[in-house]
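Trainee: I would like to learn how to read the contact between two chains. Where should we begin?

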Amino acid sequence: MKEAIITEVRKQQPLIHHLTNQVVMNFSANGLLSFGASPVMAKAEEEAAEMAAHADGLLINIGTLTASDLKAMIFAGRTANQKGIPVVLDPVGVAATSFRRNAVEQLLAEVQPTAIKGNAGEMAHLVGLPWETKGVDSIGGDAEHIAAQVARTYETTAIVTGAKDIICTGNRNSENNTGHPLLAKITGAGCLLGSILTACLTTSHPIQQQALAATEFYGTAAEYAAEISGTDRPGTFMPLFIDALHKHPADFHIRRNTNE
Amino acid sequence: MKEAIITEVRKQQPLIHHLTNQVVMNFSANGLLSFGASPVMAKAEEEAAEMAAHADGLLINIGTLTASDLKAMIFAGRTANQKGIPVVLDPVGVAATSFRRNAVEQLLAEVQPTAIKGNAGEMAHLVGLPWETKGVDSIGGDAEHIAAQVARTYETTAIVTGAKDIICTGNRNSENNTGHPLLAKITGAGCLLGSILTACLTTSHPIQQQALAATEFYGTAAEYAAEISGTDRPGTFMPLFIDALHKHPADFHIRRNTNE
Amino acid sequence: MKEAIITEVRKQQPLIHHLTNQVVMNFSANGLLSFGASPVMAKAEEEAAEMAAHADGLLINIGTLTASDLKAMIFAGRTANQKGIPVVLDPVGVAATSFRRNAVEQLLAEVQPTAIKGNAGEMAHLVGLPWETKGVDSIGGDAEHIAAQVARTYETTAIVTGAKDIICTGNRNSENNTGHPLLAKITGAGCLLGSILTACLTTSHPIQQQALAATEFYGTAAEYAAEISGTDRPGTFMPLFIDALHKHPADFHIRRNTNE
């Protein structure tokens, strides 16, 4: 089913409206294009809703948020909800400042996200759970509890990203173990996953499968690119990762079978 | 004459002021630098006109437009017109929202563009012609009519980009058949062509030749880069394309002669 | 001592808050991540100060400055000064427009920079010295005088970048001769040096050594990358340069010894 989801994205080429941060716009657009969907990024409050009305999915990412961006996000989010297209919220750095905390509170009051995706610290903040980074090993157990709380509180699908990604639809949990540490050495890896996820949510499959397809494909593409670049070359990794997002999932399996 | 235009750009290193969209700023700056001109991108309404007064050419691109950007574009455009330096307008996505439609209407009322460059849908919108994407084959004929209408209506040079680029100065038509499908798999390929075009318009040659030199060189550089990257690696293609923009046109011919 | 500075950055992974220009955000973030520090770029005036309170260093770069950006810079700069973390000012293009001239004047009245870094023209402007580009050879002598004047006037460390970088702490001068002409063929090379410099200023070493470590490492990384890419491929150079920033300084020496 996961390959069917990727294939459907590439056939439909859904238009994904991005209200995202300025650091990653170019990388997100190129990554999503390579994956097979179409990005658009119209951030003016005057047109964000109208562009959302043309789109097949909406990504809201609050990195480099401004007051004007927030208005655009709410306008576009409302339109997306009315139209019934998927909305993904990525609450980047939400715990860092009161401006972001208030913005996300307002967003969640005005817009119903289809999925919320963030790292454990961001997601824990959304449900008032304490969070401390204690090293990779301690994340596993906590992340499942955090995901369940976010899913229940916001009646949404929660995706807690990390060394292991936890996906919780409320009823079911699943996890993704693909990925590569180089993703933490480049900027915008989490943000681009939000774009890929939104594209997968436009397909005609159960959301648990859609979220799993997005995270598994993304992580496997990173593993594939890292195998070519080597683990100590983040600059070389980036274009190879964009290349990998263009591939058919079967290309990764073939490589794995050959090498292992 | 086309090589003379490229050579003149590289000798003069014209300063091209960009009021362009946030998605492509970095790619446009690097592409133009590699080509041999100098980019500057001062978007505050407080300084856009003063920066235009230092520049040799001005590019106005309305992707990710805001109300403040529009003011800056008008201020800079007026200064450019007064100074007599070339102004290129790229009406990205003009048909998509009323905000963009109104913005372009206002721009065209206040600023006289030396050239307008866009895809067939954008250019058709500017002259009220219907446009539907019906597959690549049907674009040819329509695009020539659209180009002629835009050139006549706005007393400008019209460049309709596509599988075939149509250049219409009002008096004459010409076309460019270079290019590569990978340009549609990366973000900002059309936007960077606007930068290269503006640089070529600063030279001392007829505009028909300038526009032809820009589009032909650009498309040939893409063909050259795609031959090295392969057609299914958009991430790898990007740096190779930036490399190719640094080359002398004769390097492409040599390669072609060798391989064919 | 220089290697100890690089090693300390990588161990501490300082959080460097950037109020920087939109053209280079992605490149600066990726370059700093590869080097071993952590970038954050929160530019809203509502949160810039609060983010600075979490940070270990602050970079202020005025390219693509807006009135709102300027407020954010002043708020964040005051917080950084109160907290006692290093502040680096990069007055990009300060001489070009009255908006930038006034902005830098206001910044310098409100915020005490630990270091100011710019090319000879920008730095000369800050102390009212005439400056004309007269070719590379004439820069040397003037740059030392300019650096001394900036250091004395603003009670700061002045770094005048060029074919030779001059570092003046007020008491002492030193110079860096590493670097590569390809850095002038990519956008944001000076801006990213500002990020690397800010990261080095967070370490526990004399500032003269910190600034020397930053400029020497940066220039040597560029030489290393250019040796691999070749000098006529700016697109290929960029990812290789990001790779090089990830390396241990000793890797460069080994390569040099092997090749020379």
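Mentor: Begin with a term: a salt bridge is a side-chain nitrogen of Lys or Arg within 4 Å of a carboxyl oxygen of Asp or Glu. The model here is predicted.

Trainee: How many salt bridges are there between chain A and chain C?

Mentor: Two salt bridges are counted between chain A and chain C. In a salt bridge between Glu47(C) and Arg100(A), the side chains meet at 2.8 Å, N to O. On the side of chain A that touches chain C, the elements giving two or more residues are helix H5 (98-110) and helix H10 (234-245) of chain A. The residues of that side are 11 nonpolar, eight polar and five charged.

Trainee: What is the area buried between chain A and chain C?

Mentor: About 2,000 Å² is buried between the two, with 57% of this from carbon and sulfur atoms. Of the area that chain A buries against chain C, 25% comes from Gln22(A), Val23(A) and Lys185(A), more than from any other three residues. The contact takes 24 residues from chain A and 21 residues from chain C.

Trainee: How do I read the way two copies are placed?

Mentor: In general, a rotation about an axis and a shift along it relate two copies of a chain. Here a turn of 120° with a shift of 0.0 Å along the axis lays chain A on chain C, with an RMSD of 0.0 Å. The two copies are therefore related as by a three-fold rotation axis. The C-alpha of Gln22(A) is the nearest to the axis in chain A, at 4.0 Å.

Trainee: Through which surfaces do the copies meet, different ones or not?

Mentor: Only 4% of the interface residues of chain A are also interface residues in chain C, so the copies meet through different surfaces.

How values were computed: Residues are numbered from 1 along each chain as its sequence is written. Chains are lettered from A and ligands numbered from 1 in the order in which they are written. This is a predicted model: local features need pLDDT of at least 70, side-chain atom pairs count only at pLDDT 80 or more; totals for chains, interfaces and linings use all residues. Side-chain values use heavy atoms; hydrogens and water are left out. Contact means heavy atoms within 4.5 Å. Buried area is the accessible area (1.4 Å probe) that two parts lose on being put together, summed over both. Helices (H or I, at least four residues) and strands (E, at least two) are DSSP runs, numbered from the N terminus. Ala, Val, Leu, Ile, Met, Phe, Trp, Tyr, Cys and Pro count as nonpolar, Asp, Glu, Lys and Arg as charged, and the others, Gly among them, as polar. Copies are superposed by least squares on the C-alpha atoms of residues with pLDDT of at least 70 in both.
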